[in-house]
Amino acid sequence: MNANVYLILTEDGSHSLKNEALNETYHSFHGAVQESAHVFIAMGLGHWCDHHDSSPRILEIGFGTGLNAFLSLIFAEEHQQEVYLESLETFPLPAEIYEALNYAEAVGNAEFGHLFDQLHTSQWGEKAELTAHFSLKKEEAPVHEYSPTTPFNIIYFDAFAPNKQPEMWTMDVLQKMYDSLAPGGFLVTYCAQGQFKRNLKQAGFTVEELPGPPGKKEMVRAVKS
Ligand SMILES: C[S@@+](CC[C@H](N)C(=O)[O-])C[C@H]1O[C@@H](n2cnc3c(N)ncnc32)[C@H](O)[C@@H]1O
């Protein structure tokens, strides 16, 4: 993928990035933090913790800016909830890009700024215990070549949109996501396209259509029963 990315400001005042080659942003233009907080935290991690006592193991497709990881870390600290996140990425961002992102300030947690940096500086391929409750393992690997050994409870499926990067949304990848989940686990994503929902059902998921973040009508939670 072309490394040409640059910073943009979204409508909630938080940054995102634009990938020029794909002509695609990393988050919703209506608000990066708002989108991530709704789709991945409220409907994903928060939903899991409302219904389970066990600590979730999360797989993320697309580490990108580290925003989902950062909001998960904050959730883990605020709720004293143990969280393990494994995140795949093929294009780790250069320091001059991630150092310019305003997420600690945008979420009103400036004191967590050093933890945002540590999400990025932690070693690829190694588990890092970043706080008492939150650990992260980043894998520099494409989803197509990744085979988890221990099942996950939640998948943050945060790939670029199907019309921009169709190889991320194939039946093969969705089947791999299904196989990577423990029974009762689920995948959350901002995408609610018709063909995608049909493919999820074909892979074995039960599809829940949920209200989307500001500016988007719908999102999806796909459950492995
Ligand atoms: C929508 S953006 C990521 C958003 C990210 N979760 C964030 O909060 O910034 C999609 C990400 O998927 C990554 N990606 C592209 N191809 C990939 C692949 N084959 N496997 C894993 N990640 C990939 C991109 O480099 C990009 O960082």
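**From the ligand to three residues**

A nitrogen atom of the ligand is 3.0 Å from an N or O atom in the side chain of Gln165, a polar contact in the sense used here (a pair of N or O atoms within 3.5 Å; within protein, one must be able to donate a hydrogen and the other to accept it, and residues adjacent in sequence count only if both atoms are side-chain atoms). The protein covers 97% of the 600 Å² of accessible area that the ligand has on its own, where such areas come from the Shrake-Rupley method with a 1.4 Å probe, and for residues only the protein chains shown count as cover. This is a predicted model, in which local features need pLDDT of at least 70 and side-chain atom pairs count only at pLDDT 80 or more, while totals for chains, interfaces and linings use all residues. Residues are numbered from 1 along each chain as its sequence is written, and side-chain values use heavy atoms, with hydrogens and water left out.

Two further residues approach nitrogen of the ligand: a polar side-chain atom of Thr90 lies 3.4 Å from a nitrogen atom of the ligand, and a backbone N or O atom of Val143 lies 3.1 Å from a nitrogen atom of the ligand.

Away from the ligand, we can turn to Ser16, which belongs to strand 2 (residues 15-19); strands (E, at least two residues) and helices (H or I, at least four) are DSSP runs, numbered from the N terminus. Ser16 counts as buried because its relative accessibility is 0%, given that buried means under 20% relative accessible area, exposed over 50%, and partly exposed in between (1.4 Å probe, protein chains only). Its side chain makes a polar contact with the side chain of His27, at 2.7 Å. Beyond its neighbours within four places in sequence, Ser16 is in contact (heavy atoms within 4.5 Å) with residues including Tyr6, Ala32 and Tyr103.

Tyr6 is found in strand 1 (residues 5-9), and it is partly exposed because its relative accessible area is 34%. Leaving aside neighbours within four places in sequence, Tyr6 is in contact with Ser16, Leu17, Lys18 and Glu20. Tyr6 and Asn19 are 13 residues apart in sequence, and their C-alpha atoms are 6.9 Å apart in space.

A second serine, Ser72, has its place in helix 2 (residues 67-79), and Ser72 is buried because its relative accessible area is 0%. A polar atom of the Ser72 side chain lies 2.7 Å from the backbone oxygen of Asn68. Outside its neighbours within four places in sequence, Ser72 is in contact with Ile41, Leu45, Phe134 and Tyr156.
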